[in-house]
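User: Could you give me a close look at one small spot in this model and then follow its connections outwards? I'm a first-year student, so please go step by step.

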Amino acid sequence: MKLRDLLKTALSNLTRHKVRTALTTVGIVVGILTIVTMVSLGIGVQREMMNSFNAVGLETLQIYPVTERSSSLNPFGQAARTRLLTPTLIEQLQARDDVLSVTPDLSLPDGMRISLRLDGREVRADPWQAGLTAFPGLFENGPQLLAGVESPSEGGLLVTEAILELFGYKQEDLAGLIGQPVELVLYSPRGESQAFPFQIAGIYEKRWGNISLAVPDRLKLLEWWYNDPDYVANYGYDELLVHARSLNDAVQIVDWLSGQGFQVESLKTILDVINRAMIVLQTMLASVGTLALLVASIGIANTMIMAVYERTREIGIMKAVGAAPGQIRALFVVEASMIGLLGGIIGTILGWLLGVFLNWLILAILRWQEMDVRGTFFVVSWWLVVGALVFAALVGLLAGLYPAARAARLAPLDALRYE
Amino acid sequence: MTATSNPAVRAVNLTRTFQVGETKVEALRGISLEVSQGQFVALVGPSGSGKSTFLNLVGGLDRPTGGELWIDGIELGTSKEKVLTEHRRQRVGFVFQSFNLLPRLTALENVALPLIFSGIAERDRLIRARDLLAQVGLGDRIDHRPTQLSGGEQQRVAIARALVGRPAIILADEPTGNLDSATGQEIMALLRRLNQDQGVTLLLVTHDPEAAAFAGRVIRMRDGRIENPDTPNPASLPEVQP
């Protein structure tokens, strides 16, 4: 029996009972739809993360000071640090061959009261922590820069459009404000205040805050705030971002720093953890779909057993004219596989459409929440399509094995007499 | 083709016993007979005499419980399922009382069906099927489905199907049973013509004396036994022109 004839005959048998075939297919469609949607979510999220990580580079390390649990005795709520990220450490790191660059970062404490003074008026300012965060632009296109430079050099200040609007400026005024001298005024709990001169260096559309300044300027503010001219020497930086020459070098540096008691995070270790978590998540979600497929396979088996009963006489005729048991078996197995494959095709298409819809929905909700996030969370890769179709056909095939064996076993005479 | 030293069918003390619940039914109680190649044999007898059982054994649709059944040098009783399938595919063709055509298929597709299982390409199948339908006088009805054909026409399709694999033996089980007598005569004439023109061995099971009259040899059966092992057909009519 030629494969072509086998497929043609099976297809024509399926189209005999269109409604029944369609209903049997529904279970497979639901199962495959679930699997495709869930796995494509996994792929999409993983890919977005990989892209973000690759933008930073896997040979990047983040070093944090070692902190004791914060003490209520500390007047400023600052936790005591046992290992400091001092300028000395930076020099040591920079002296190494395998280090390309070291970038320190400082955060301004939440309780710090700052105002922006412009045109003789003052508005409460809220610094955003530009940070050296490991996930720059994860799912984001980054905040929109409206004018000026992205990151300020010493003495330069980044502001948002929103804070300038509080001073009565309109969108068309923004470009003219670059280079405008302003002052940041700090008010300490001691009741003192101090003004620091800046120039507006860049204007952003939207950020989690409304001003930002360069690390050396942040240090100046902190020195005044804590009344400590040796702030970094005594308290250290909050974070160091180290670019190693290569991934291997990064591992060496991690070992060296860990040996000194520092808390080090390399992107690779984070990535490994996240990947593992994603695999667990994907497996769990795909299991739901697999369960649906299991139920669907029972439906297929049922349909095929009914088909064997209905076509008993036909099977007898085919055997009488020379059909081998194996050919009868193949016919029913192919039919069952086709039901699976059909469900797989529909399920994959619907799963892909559902992913596109959910992606749109999530982005719409995030936009409504005023989060500037962009990205593709649902990615249907070619191997997912192939895998889903093969899996669906395989479920059909397995479900068809028993009914097909029954059909093949029928004694030709009994089958011919069957009414 | 004329009769040669090798018989087309040779049965030696053939038995077939069915188990129906607790009781044993002996359908064949030791049949011994030879059918020469190209012979037209009618098996007659009352219901339950075992004639259909014998035909099914010869066709490889069923297996004997005892004795030997030799066809073309192969003993069917001890053969594997694969050999029986080959036997049904290549050496015999069935014509049934109820035609047993597939209702979804056209006349042409029904005739071509057995060739699917032999792995013959569709184009060649259809050429052969069309040729045979023309031979049985249905050249203009090839695209009709069984329900669109009369009983006689359906039986002609079935005969064409039986011939499609070029079998040496045609097995006809009450081929006129569902037909009126005029149509039955036509079908019998067609079968005899195939027997005479193509030398196909023909085994006919019937209890219609008019049908049996077409055969060159009549074997009477009763209670699973042959009553007249080697008598020629006394009622043999002169050849009827189709």
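**A residue and its surroundings**

Analyst: B:Glu174 is buried, because 20 other C-beta atoms lie within 10 Å. The cut-off for calling a residue buried is 20 or more such neighbours. Please keep in mind throughout that this is a predicted model.

Where does B:Glu174 sit? Look in the loop between β7 and α6 (181–198) of chain B. Its backbone has a feature worth finding: the phi of B:Glu174 is positive, about 50 degrees, although this residue is not a glycine.

Now step to the strands. Strand β7 (residues 169–173) of chain B pairs with β6(B), and the two run in the parallel sense, joined over four bridges. One pair to pick out is B:Val95 with its bridge partner in β7(B), B:Ala172.

Next, look at β6(B) itself, which covers residues 92–95. In a regular strand, side chains alternate between the two faces of the sheet. Are the faces of this strand covered or open? Both are covered: B:Val92 and B:Phe94 are buried on one side, while B:Gly93 and B:Val95 are buried on the other.

A second loop, the one between β6 and α3 of chain B, holds B:Asn100. Here is another positive phi in a residue that is not a glycine, with B:Asn100 at about 55 degrees. B:Asn100 counts as buried because it has 21 C-beta neighbours inside 10 Å.

That loop leads to α3 of chain B, and α3 (107–117) is in turn one of the elements that the buried residues of helix α4(B) pack against. The other is α5 (151–163) of chain B. The buried residues of α4(B) are B:Arg125, B:Ala129, B:Leu132 and B:Leu133. Seen down the helix axis they fall within an arc of 100 degrees, so they line one face of α4(B). The background is simple: an α-helix has 3.6 residues a turn, so residues three or four places apart point the same way. Turn to the other side of α4(B), and B:Arg123, B:Asp124 and B:Ile127 are exposed.

How long is this helix? The end C-alpha atoms of α4(B), residues 122–135, are 20 Å apart, which agrees with the 20 Å that its 14 residues should span at 1.5 Å a residue. After α4(B) comes B:Gly137, with a positive phi near 85 degrees.

Let's go back to β6 of chain B and cross into the other chain. What covers the buried residues of α9(A) includes β6 and α2 (81–90) of chain B, together with α10, α11 (382–409) and α12 of chain A. How many residues of α9(A) are buried? Seven of the nine are, which makes the helix mostly covered. They are A:Glu314, A:Ile315, A:Gly316, A:Ile317, A:Met318, A:Lys319 and A:Ala320. A glycine with a positive phi follows this helix too: A:Gly322, near 115 degrees.

Widen the view to the whole contact. Chain A brings 16 residues and chain B brings 20 residues. On the side of chain A that touches chain B, the elements giving two or more residues are α9 (312–320), α10 (325–368) and α12 (412–417) of chain A. Sorted by class, that side of chain A has 10 nonpolar, two polar and four charged residues.

Finally, a look at the rest of chain A. Its domain assignment gives domain 1 (3–54 + 272–417) and domain 2 (60–245). The centres of these two domains, taken over C-alpha atoms, are separated by 54 Å.

For a last stop, try A:Ile163 in helix α4 (residues 161–166) of chain A. A:Ile163 counts as buried because it has 20 C-beta neighbours inside 10 Å. Leaving out residues up to four places away in sequence, A:Ile163 touches A:Leu116, A:Val123, A:Ala125, A:Asn210 and A:Ile211. A:Ala125 is 38 residues from A:Ile163 along the chain, yet their C-alpha atoms are 7.9 Å apart. As for A:Leu116, this residue stands opposite A:Leu184 in β9(A). The strands β5 (residues 113–118) and β9 (residues 181–187) of chain A pair in the antiparallel sense over five bridges. β9(A) also runs antiparallel to β10 (residues 193–204) of chain A, with seven bridges between them.

Technical notes. Residues numbered from 1 in each chain as written. Chains lettered and ligands numbered in written order. Predicted model: local features only at pLDDT ≥ 70, side-chain atom pairs only at ≥ 80, totals over all residues. Buried ≥ 20, exposed ≤ 12 C-beta atoms within 10 Å, placed from the backbone. Contact = placed C-beta atoms within 7 Å. Expected span 1.5 Å × (residues − 1). Arc of directions from axis to C-beta. Nonpolar A, V, L, I, M, F, W, Y, C, P; charged D, E, K, R; others polar. Pairing = 2+ DSSP bridges. Domains from an automatic or database assignment.
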